[in-house]
Amino acid sequence: MADPQPARPVTAPRARALLALLVGGLSSGGNFLLAVTVARLESIGGVGQFALAFSFYVLGSGLVRSMVTDMVLVAESTAASAARRATLLGTVSGLALGTVGMAYGSPYLAVAGLALPGLVLFDYTKAIAVGIGTPTRAIGQEIAWTALTGAAALAGWLRLIDAPVVFAVWALGGGVIGVVAAARQRYALLPGWRADRAQTRVALGFGTQFLLTTGSAQLALTAVVAFAGTAVVGALSAGRTVLGPVNLVLAMAATLILPRLARDRAESGVARRRSAVRLMLLVTGGVLPMAAGVALLPDTVGTALLGDNWAVARSLLPLLAVESLLAVPAAIGFAGLRIERASRRAIVLGVVLGTLRVPVVVAGAVLLGATGAAGALALLALVSAVAWVGSYFLLLRKGAVDRPDRAGPGSDGRDGQPMAPSAARTRSTTVLTADSVSST
């Protein structure tokens, strides 16, 4: 059966961008509520297991996004059949994760593995709806999932259910919603890989790039668990939970970076550097008071949020706040390279930074525990910020971006490399989060 053409978008670009912000806000809000609830109810070791399970969910959904979703958003014609590839990746990853969870005796990992096929379908259907479909469908999905998460969190805070059950409701509920949403869109749900050799080669390339860059954050967590124990990861997760509102604001602000820099594409290199610096100061200055307030949170508020885990998270907040703030310049530099279609430069830089992440974070965790790991993350955030911004500014200074593209659509215009789908897509719904850069 021929793959049905997706409905052409009728939503105005600005309205679609606002709806994308709303979807992102609902998603981040639900995840924050889940993290706070687990951190409040669990031991610090349990929080570490939750953080590891959640990181593998992020890894699985991100892998599907890089290998399947972005290519669909460019082609705008294969959403239904490509869902089989998303299901295949989710199923294989879920089986591996669930097996490890059962062998390790972790209910968080086991449940995450069971729910992962449905969760990646949730992310896939949501991204398609926001990018080339009907954004209100994505909002409906997120409202349903957030309401379900809220009900489970309330039951947890009332001590009616424990933390693993709250997580199970979140994970399995999101998975069911994802399957239902895909079925209502008549997407193919049986796992499979119906793609030609060229599509497969491109998908493998983008998947490898994702694993070597953003995926290194999840690999670092796994390595920390192996060498320093779940308590260290739990302490980091508890601290990041308190910083959740700061990171949410940063992520929403980051969605404005790409279109803002794109508007200056016709300006000179000097003008673009000045614009990037102004944008960096504006976003950082706007979030700095909030980050400082969270880092200096009174014990009464921290204890109300995290319970006994506040004692271990409190000392990490200044370092983790620095890590969050340094994601702003990194995001601006990363966005600048995407706008200038410097794909080879971005890939090489991302791989180098991602390769540094695992040994540095593990060394900090082994030598100084959670404090050492948090310090390593802050140091890596500084290196990442300098590297991304420096690379972007160096590209502007060379004047290479002032030359018109010669390679035509589908290449980056400078090094002749294929342009990533996320870079080729010029829609206003393209979202760049601070986390996607800080994790490299």
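What share of the contacts in the protein with a separation of 6 or more comes from residues 24 or more positions apart? The share is 82%. The model behind every view below is predicted.

**Figure 1. Overview of the predicted model, an assembly of helices without strands.** The protein has 18 helices and zero strands. Its 440 residues include 54% that are buried. The accessible surface comes to about 18,600 Å². Carbon and sulfur atoms account for 68% of that surface. Among contacts with a separation of 6 or more, 82% join residues 24 or more positions apart.

**Figure 2. Helix 8 packed on helix 16.** Two packed helices are described by the angle between their axes and by the distance between those axes. Here helix 8 covers residues 215-228 and helix 16 covers residues 343-398. Their axes lie 9 Å apart, at an angle of about 25 degrees. Angles under 35 degrees count as roughly parallel, so helix 8 runs roughly parallel to helix 16. The crossing of helix 8 and helix 16 is right-handed. Helix 8 brings Ser216, Ala217, Leu219, Ala220, Ala223, Val224, Phe227 and Ala228 to the contact. Helix 16 meets them with Gly354, Arg357, Val358, Val361, Val362, Ala365 and Val366. By class, the residues of this contact are twelve nonpolar, two polar and one charged.

**Figure 3. Helix 12 packed on helix 15.** Helix 12 takes in residues 269-295, and helix 15 takes in residues 317-339. The angle between them is about 165 degrees, with the axes 10 Å apart. Angles over 145 degrees count as roughly antiparallel, so helix 12 is roughly antiparallel to helix 15. Helix 12 passes helix 15 in a right-handed crossing. From helix 12, the contact residues are Ala276, Leu279, Met280, Val283, Thr284, Val287, Leu288, Ala291, Val294 and Ala295. From helix 15, they are Leu317, Pro318, Ala321, Leu325, Val328, Pro329 and Ile332. The contact of helix 12 with helix 15 has 16 nonpolar residues, one polar and no charged.

**Figure 4. Two loop arginines with positive phi, Arg159 and Arg186.** Most residues other than glycine have a negative phi. Arg159 has a positive phi of about 65 degrees, yet is not a glycine. Arg159 sits in the loop between helix 5 (135-157) and helix 6 (163-184). Is Arg159 buried or exposed? Its relative accessibility is 56%, so Arg159 counts as exposed. Arg186 also departs from the rule, with a positive phi of about 60 degrees. Arg186 belongs to the loop between helix 6 and helix 7 (197-212). With a relative accessible area of 72%, Arg186 is exposed.

**Figure 5. Thr149, a buried residue of helix 5.** Thr149 is part of helix 5. Its relative accessibility is 3%, under the 20% cut-off, so Thr149 counts as buried. Which residues does Thr149 touch, not counting those up to four places away in sequence? They are Gly30, Leu33, Leu34 and Trp170.

**Figure 6. Gly131 in helix 4 and its distant partner in sequence, Ala20.** Helix 4 spans residues 107-131 and contains Gly131. Gly131 is buried, because its relative accessibility is 4%. Ala20 is 111 residues away in sequence. In space, the C-alpha atoms of Gly131 and Ala20 are 8.5 Å apart.

**Figure 7. Leu211 of helix 7 and its contacts.** Leu211 lies in helix 7. A relative accessible area of 42% makes Leu211 partly exposed. Leu211 and Leu59 are 152 residues apart along the chain, and their C-alpha atoms are separated by 8.1 Å. Leu211 touches Leu59, Leu63 and Ser216, leaving out residues up to four places away in sequence. Ser216 also takes part in the contact of helix 8 with helix 16.

**Figure 8. Val360 on helix 16.** Val360 is found in helix 16. At 26% relative accessibility, Val360 counts as partly exposed. Beyond its neighbours within four places in sequence, Val360 is in contact with Ala376 and Leu380. From Val360 to Leu379 is 19 residues in sequence. The C-alpha atoms of Val360 and Leu379 are 9.1 Å apart.

Definitions and conventions:
Residues are numbered from 1 along each chain as its sequence is written. This is a predicted model: local features need pLDDT of at least 70, side-chain atom pairs count only at pLDDT 80 or more; totals for chains, interfaces and linings use all residues. Side-chain values use heavy atoms; hydrogens and water are left out. Axes are lines fitted to C-alpha atoms, for helices over the stretch in contact, and angles run from 0 to 180 degrees between N-to-C directions. Helices (H or I, at least four residues) and strands (E, at least two) are DSSP runs, numbered from the N terminus. Angles under 35 degrees count as roughly parallel, over 145 as roughly antiparallel, 65 to 115 as roughly perpendicular and the rest as oblique. A crossing is left-handed if the near helix is turned anticlockwise from the far one by less than a right angle, and right-handed if clockwise. Contact means heavy atoms within 4.5 Å. Ala, Val, Leu, Ile, Met, Phe, Trp, Tyr, Cys and Pro count as nonpolar, Asp, Glu, Lys and Arg as charged, and the others, Gly among them, as polar. Buried means under 20% relative accessible area, exposed over 50%, partly exposed in between (1.4 Å probe, protein chains only). Accessible areas come from the Shrake-Rupley method with a 1.4 Å probe; for residues, only the protein chains shown count as cover.
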